[in-house]
Amino acid sequence: MLYAIYLRKSRADLEAEAMGQGETLARHRAALLDYAAHHGLEIGAVYEEIISGESIDARPKMKQLLREVEQGRWAGVLCMDIDRLARGNSADQARVSNTFRISGTLIITPSKVYDQSRESDEEYVDFELFMARREYKAISRRIMRGRIASVKEGHFIGSTPPYGYDKVKVEKGRGFTLLPNSESDTVKQIYSMCISGMGCNAIARRLDMMGVTPRKGSSWSSASIQDILKNPVYCGKIRWQYRKEEKSLTDGIVTTHRRENPDCIIAQGLHPALICEEEFDQAQQFLNSRRIPHKKESTELRNPLSGLVYCGMCGSMMTRLGTGSRNHSDTLRCPNRNCGNVSAKLELVESALVEGVARWLNDCRVNVSRKPAADTAKAERTAADKVRAELAKLDSQRERIYLFLEQGVYSAGEFRERMESLEKRRTQLSENLRQAEQAVSEAEGNRQLYAQIIPSVERVMDIYAQSTPEEKNRLLKTIISRAEYIKMERNTRGNADRCNFTLNVTPLFPETD
Ligand SMILES: [Zn+2]
């Protein structure tokens, strides 16, 4: 029976690499291959985790390996340390330890072979995994304490310095601080514009006009101006964990999201301030006074095309502009103020869209007048699966060719020859797969269209006219994936209802031919 190798970087490895040590996984791979050669173990596969997640679910290679161990595919798994297999939490560790024990698979490290059919080894595995977890938690807590202490001393510990500053090492000391750079004048201008009564949007537009560019992108957004105006780093403070990562558990899956943290740490920084504290407070007062309270009625959707129509010139999502002193009917416009796309009456675009759907429906009815054979899709799918299986086989062959080269079984010449013939076959198979998959999607598209789509679109068209904007939006989203809008010329006086725009509609379903 064959053995597998599992490679993964730990946090310590990442730190060592940052200090200039060489590539860890390459060293580990060589060490384990060497061990295998010395002990006469034949290696069947090498799993190299590229993602450095701690939990098993965040590590695709580990998941695959565990499945194979479960099936009894490997006599043993070689790894540098037992904690490379599982580290984060006890459920993961029990999973690893049980899977290896029940399948009778050995865990082999250069310092010890763990055979869990021996009772002493079973305890040993659990104990070592337990120690690894304790150590991991202790390290996490130590790192956290170190960070908090560093913030309270006024160091900057983030990875990207805020706009207006560079990140520099503290002179004759540990840690990092901030040094004003050429952007710092812009920060001062932003604050004085705000204090003089300009809103974030107006400030963004003014900076663009002045030819000042932000760090990323070509124009300023009002959100980035607001971020600058709300960040106390500019009056000499260090703020940490302003947006805190929170984990929640749904259906057994951990998701993380970031939200504003009211108890974030704010400490006196070591870096020079760009503005004084009074100015910072004035800016906060001004921002708070301009916050518009949410109106209750605004929660109801008033744009039936919301999220469906995109600007054909710049790709932005087109938005609705309500009636006001200057426009007398709802308008659909591109929100990008640097874009030249001309806006149009919302209802004109809406009826063009609905007409487009009706035309598409008609075409479908004509094209699908013959009933496609129901089992074509199934046959095509089987064919595609077969090609896919062959490709997988080829991939594992390739792994082994690499290994044989590393173990010195193949000479460089033999290796190249085998790889070439394998790659040729692979190219052919990939092309076969592409054709097979296309055949599947065509066959399925026809069948689905016939069975569901036409009646459901007909139903939508029937009830559309008497629906509310919100319902209309929901209905449209069941049949349209997106539409692109372009209009080059403004309407002249008295011709406001001319539909001189083009609208490219992409239905949600494949078209038939
Ligand atoms: Zn645009």
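In this predicted model, β13, β14 and β15 make up an open three-stranded sheet, in that order and with antiparallel pairing. Strands, like helices, are DSSP runs numbered from the N terminus, with at least two residues (E) for a strand and at least four (H or I) for a helix; two strands pair if DSSP finds at least two bridges between them. The edges are taken by β13 (319-321) and β15 (344-345), and each has a single partner strand, so one side of each is left without a neighbour in the sheet. Between β13 and β14 (residues 331-333), which run antiparallel, there are three bridges. Here L321 stands opposite T331 of β14.

Residues are numbered from 1 along each chain as its sequence is written. Local features need pLDDT of at least 70 and side-chain atom pairs count only at pLDDT 80 or more, while totals for chains, interfaces and linings use all residues; side-chain values use heavy atoms, with hydrogens and water left out.

Turning to the interior, the largest nonpolar core holds 33 residues, and Y191, I203, I225, L229 and Y234 have the most contacts inside it. Such a core is a set of buried Ala, Val, Leu, Ile, Met, Phe, Trp, Tyr and Cys residues joined through side-chain atoms within 4.5 Å, where buried means under 20% relative accessible area, exposed over 50%, and partly exposed in between (1.4 Å probe, protein chains only). Elements giving two or more residues to this core include α6 (184-195), α7 (200-210) and α9 (277-289). The largest share, five residues, comes from α6. Leaving aside neighbours within four places in sequence, L229 is in contact (heavy atoms within 4.5 Å) with residues including Y191, I203, F280 and L287. Another core, of 31 residues, lies apart from that of L229 and has M318, C334, L476 and Y485 among its members.

The structure also holds 16 salt bridges, each a side-chain nitrogen of Lys or Arg within 4 Å of a carboxyl oxygen of Asp or Glu. In one of them, the closest N and O atoms of R388 and E437 are 3.1 Å apart. Because R388 lies in helix α11 (residues 376-406) and E437 in helix α12 (residues 412-464), this pair ties together parts 49 residues apart in sequence. R388 is partly exposed at 38% relative accessibility, as is E437 at 37%.

D395 forms a salt bridge with R426, with the closest N and O atoms 2.7 Å apart. This pair links D395 in α11 to R426 in α12, 31 residues away. D395 also bridges to R398 at 3.5 Å, about one helical turn along α11. Through shared partners, D395, R398, E423 and R426 join into one salt-bridge network.
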